[in-house]
Amino acid sequence: MGKAETYAEVAAEIAAVLEGETHNVARMATVACLLHHAFDAYFWTGFYLVDADKSEELVIGPYQGTLGCLRIPFTRGVCGAAARTGEVQIVEDVHAFPGHIACDARSESEIVVPVFAPDGTLYAVFDVDSSSLGSFDEIDAMHLTRILDGLIL
């Protein structure tokens, strides 16, 4: 099965599991879990939430994988770039990304997708790390954006 087909399958599973669930943390935990286990390349999978007390900082949210960074300022790393710009970040080699934060030295490539609240404000970023170079592309960006659109209620 190809990447697009796997995304379609897991998106349907996510939609079925989340039907009727209104708690955002439960929704995010479910998405992180199902996506993490759907792809072998997903080494670390999870959310960083915009800290309500520090609007220019992300704080760890629901995730799967090894220990994540607890806090990330908008000014640093791939997650910070996604939060700052509101745009998907695809990084083929994290070691070549200026200001990359190495939460786990095994991380080689990364994709980060902004997650917006219903009012259009940034709520979180969804971060996926891989232990292989070049694991993520526009197919990942398109499908993850679709899955995450409307996740936050």
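Two strands count as paired if DSSP finds at least two bridges between them. Keep that rule at hand for the exercises below. The model is predicted.

**Exercise 1.** In which sense do β4 and β5 pair, and over how many bridges?

*Solution.*
- Step 1. Find strand β5 at residues 109-116.
- Step 2. Count its bridges to β4: there are three. The rule asks for at least two.
- Step 3. Read the sense: β4 and β5 are antiparallel.
- Step 4. Pick out one bridge: Ile 90 is partnered by Ile 111 in β5.

**Exercise 2.** Work out the strand order of the open sheet. Then explain why β3 and β4 each have one side without a neighbour in the sheet.

*Solution.*
- Step 1. Six strands run in the order β3-β2-β1-β6-β5-β4, with antiparallel pairing.
- Step 2. β3 (71-73) and β4 (89-91) stand at the edges. Each has a single partner strand, so one side of each is left without a neighbour in the sheet.
- Step 3. Add the twist: neighbouring strands are turned by 25° against each other on average, direction ignored.
- Step 4. Place helix α3 (residues 77-85): it lies across β1, β2, β3, β4, β5 and β6, at about 30° to β5.

**Exercise 3.** Check the span of helix α2 (residues 24-38) against its end C-alpha atoms.

*Solution.*
- Step 1. Count the residues: α2 has 15.
- Step 2. The expected span is 1.5 Å times one less than the number of residues. For α2 that gives 21 Å.
- Step 3. The end C-alpha atoms are 21 Å apart, which agrees.

**Exercise 4.** Which elements do the buried residues of α2 pack against, and what does α2 give to the largest nonpolar core?

*Solution.*
- Step 1. List some buried residues of α2, including Met 28, Val 31, Leu 34 and Leu 35.
- Step 2. The buried residues of α2 pack against α1, β1, β2, β6 and α4.
- Step 3. Turn to the core of 26 residues: Val 31, Leu 35, Phe 47 and Phe 126 touch the most other members. α2 gives the most to this core, with five residues.
- Step 4. Follow Val 31: its contacts beyond four places in sequence include Ile 14, Phe 47, Phe 126 and Leu 151.
- Step 5. Note a second, separate core of 19 residues, with Cys 69 and Phe 97 among them.

**Exercise 5.** Is Phe 116 buried, partly exposed or exposed?

*Solution.*
- Step 1. Locate Phe 116 in strand β5.
- Step 2. Its relative accessible area is 34%. Buried means under 20% and exposed over 50%, so Phe 116 is partly exposed.
- Step 3. Check its contacts: Phe 116 touches Gly 86, Thr 121, Leu 122, Tyr 123 and Ile 152, leaving out residues up to four places away in sequence.

Terms used
Residues are numbered from 1 along each chain as its sequence is written. This is a predicted model: local features need pLDDT of at least 70, side-chain atom pairs count only at pLDDT 80 or more; totals for chains, interfaces and linings use all residues. Side-chain values use heavy atoms; hydrogens and water are left out. Helices (H or I, at least four residues) and strands (E, at least two) are DSSP runs, numbered from the N terminus. Buried means under 20% relative accessible area, exposed over 50%, partly exposed in between (1.4 Å probe, protein chains only). Contact means heavy atoms within 4.5 Å. Axes are lines fitted to C-alpha atoms, for helices over the stretch in contact, and angles run from 0 to 180 degrees between N-to-C directions. A nonpolar core is a set of buried Ala, Val, Leu, Ile, Met, Phe, Trp, Tyr and Cys residues joined through side-chain atoms within 4.5 Å.
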